[in-house]
Amino acid sequence: MTRKAPRGRRAAELLDQAAMVRIDTTDDYTIDVSNRLRRLPPYLFGRLNAMKHALRQGGADIIDLGMGNPRDATPQIVVDKLCEAAQEPRNHRYSVSTGLFNLRREAARYYQRLWDVDLDPEDEIIATIGSKEGFSHLCLALLGSGDTALVPSPAFPIHVYAVALAGANVISVPLSEDQDEFVGHIVYALEHIYPRPKVLILNFPHNPTTMTVELGFYEEIVRIAKRFGILVISDLAYAETTFDGYQAPSFLQVPGAKDVGCEFITMSKQFNMAGWRIGFCAGHPEMVRALAKIKGYYDYGIFQALQIAAIIAFRHCGGLAREQAEVYQRRRDCLCRGLQRIGWDVKPPKASMFAWVPIPEPWCEMGSIEFALKLMREAEVAVAPGRGFGENGEGYLRIALVENEDRIRQAVRQIKHALG
Ligand SMILES: Cc1ncc(COP(=O)(O)O)c(C=O)c1O
């Protein structure tokens with residue numbers, strides 16, 4: 001193992017400090033924070049992050065496959081455009097909170113190109129400060145005290161917390177690979193919960209489980225939404241991060257989908273622009289208008305030079321998403337084959353930038369948080385414990401494909417060495 005583990009007393013102190021960091025910091029306030037904040041559950045990644053930090057301070061070279069933070073560079077042409085646009089004083093002013101019209105038009109063209117979906121950039125698309133911000137504010141615009149949202153579980157954390165922050169209730173719907181069963185759970189919840197849930201949140205390709213769906217699933221969902229009078233929010237963050245010829249459908253492809261819901265896409269993954277914070281909400285004009293209204297109060301839009309550079313990304317970097325997906329696919333193969341070789345039962349994902357891996361037999365009793373801590377401490381590999389995505393994530397690890405193939409191979413070697 002080419003690693004520098006923390007040594008001696010200093011290392012022991014650092015590890016002790018990491019072990020002592022409390023998971024739940026929400027009760028630590030001496031000030032009177034809002035109930036909204038108090039309602040937020042403990043931060044489950046806290047101990048892992050503290051340990052990662054402590055080990056790194058001690059000189060360890062942690063291979064970080066924890067967070068889905070793309071490390072590859074934004075296309076140079078986009079960066080150059082940002083530099084050029086940043087020189088222009090008129091781009092230094094507040095921008096429009098809904099996003100430049102030309103940017104929204106590019107997003108509409110993107111939908112047209114990928115899914116043959118027609119969207120009016122004027123009132124069916126709004127730019128957001130990344131899809132996470134847009135999603136959170138849309139929840140605030142649609143949900144409040146006494147309202148309920150159905151959220152598949154396990155879930156990308158903001159799909160739960162944004163509902164909680166809006167003061168509404170979350171009803172977890174167990175995610176199931178068997179789509180009939182999953183749809184059955186949704187219908188059952190809609191038939192039995194009173195007052196009837198207002199919003200259904202979907203996210204396919206799914207983070208963290210990597211589950212994918214076909215268009216028929218969304219057709220069914222649109223029928224259900226119409227039958228029960230609910231709104232659908234689809235998070236399509238991994239629209240083009242798909243493998244082996246699989247193409248992710250858009251919820252908006254279904255005729256009539258715009259009458260019952262909207263969808264978020266992001267430039268974070270497809271264009272390697274995670275730090276730039278640009279996403280879009282598209283679809284139901286009233287949902288878009290509700291989001292625009294709340295954003296009009298909260299923000300002044302994305303830095304205009306960024307928006308101009310994002311237009312260039314749409315116009316000139318259409319092929320990048322495919323190339324980038326191929327990069328993720330090679331990393332996926334490298335990780336999955338490596339783990340399979342050491343006896344782990346790993347199913348290669350069809351999409352997303354993760355592998356969702358059951359904890360191998362001798363360690364499943366340990367629970368995902370303790371096992372992830374063990375991997376970090378003994379193999380110097382950081383992964384996300386499934387429990388961090390809700391109770392139904394227990395028993396799994398989410399491994400992000402964010403390091404290059406050599407580092408991924410190294411990670412597998414270190415895991416093999418550490419677990420014996
Ligand atoms: C399912 C899902 N939605 C949204 C996001 C956040 O996207 P953005 O960078 O546009 O806020 C992520 C990022 O990991 C994600 O996995």
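Start your tour by selecting β11 and strand β12 (residues 396–400): 2 bridges join them, and they run antiparallel. Strands here are DSSP runs of E with at least two residues, helices are runs of H or I with at least four, and both are numbered from the N terminus. Two strands pair if DSSP finds at least two bridges between them.

Before you click on, know that this is a predicted model, where local features need pLDDT of at least 70, side-chain atom pairs count only at pLDDT 80 or more, and totals for chains, interfaces and linings use all residues. Residues are numbered from 1 along each chain as its sequence is written, and side-chain values use heavy atoms, with hydrogens and water left out.

**The sheet**

Now pick A384 and look across to β12: its bridge partner there is R398. Add β9 to the selection and you have an open sheet of 3 strands, in the order β9-β12-β11, with antiparallel pairing. β9 (354–358) and β11 (384–385) stand at the edges with a single partner strand each, so one side of each has no neighbour in the sheet.

**The ligand**

Next, select the ligand. Which residues of its shell are the closest? They are S131, D235, Y238, T266 and S268, out of 13 that surround the ligand (a heavy atom within 4 Å of it). Helix α6 (residues 130–142) gives the most to this shell, with 3 residues. Sorted by class, the shell has 3 nonpolar, 6 polar and 4 charged residues. In that sorting, Ala, Val, Leu, Ile, Met, Phe, Trp, Tyr, Cys and Pro are nonpolar, Asp, Glu, Lys and Arg are charged, and the others, Gly among them, are polar.

Zoom in on some pairs of N or O atoms within 3.5 Å, called polar contacts. An oxygen atom of the ligand is 2.9 Å from a polar backbone atom of K132. For N207, an N or O atom in the side chain is 2.8 Å from a ligand oxygen. K269 has a polar side-chain atom 2.8 Å from an oxygen atom of the ligand. Taken alone the ligand exposes 390 Å², and the protein buries 93% of that (Shrake-Rupley method, 1.4 Å probe).

**Backbone oddities**

Stay with N207: its peptide bond to P208 is cis, with omega near 15°. P208 lies in the loop between β5 (199–202) and α9 (215–228).

Then jump to S153 and P154, joined by a cis peptide bond with omega about 5°. Here P154 is in the loop between β3 (148–153) and α7 (157–165).

Last stop: D244. This residue is not a glycine, yet it has a positive phi of about 55°. You'll find D244 in the loop between β6 (231–235) and α10 (257–260).

How values were computed
Polar contact = N/O pair within 3.5 Å; in protein donor to acceptor, adjacent residues only side chain to side chain.
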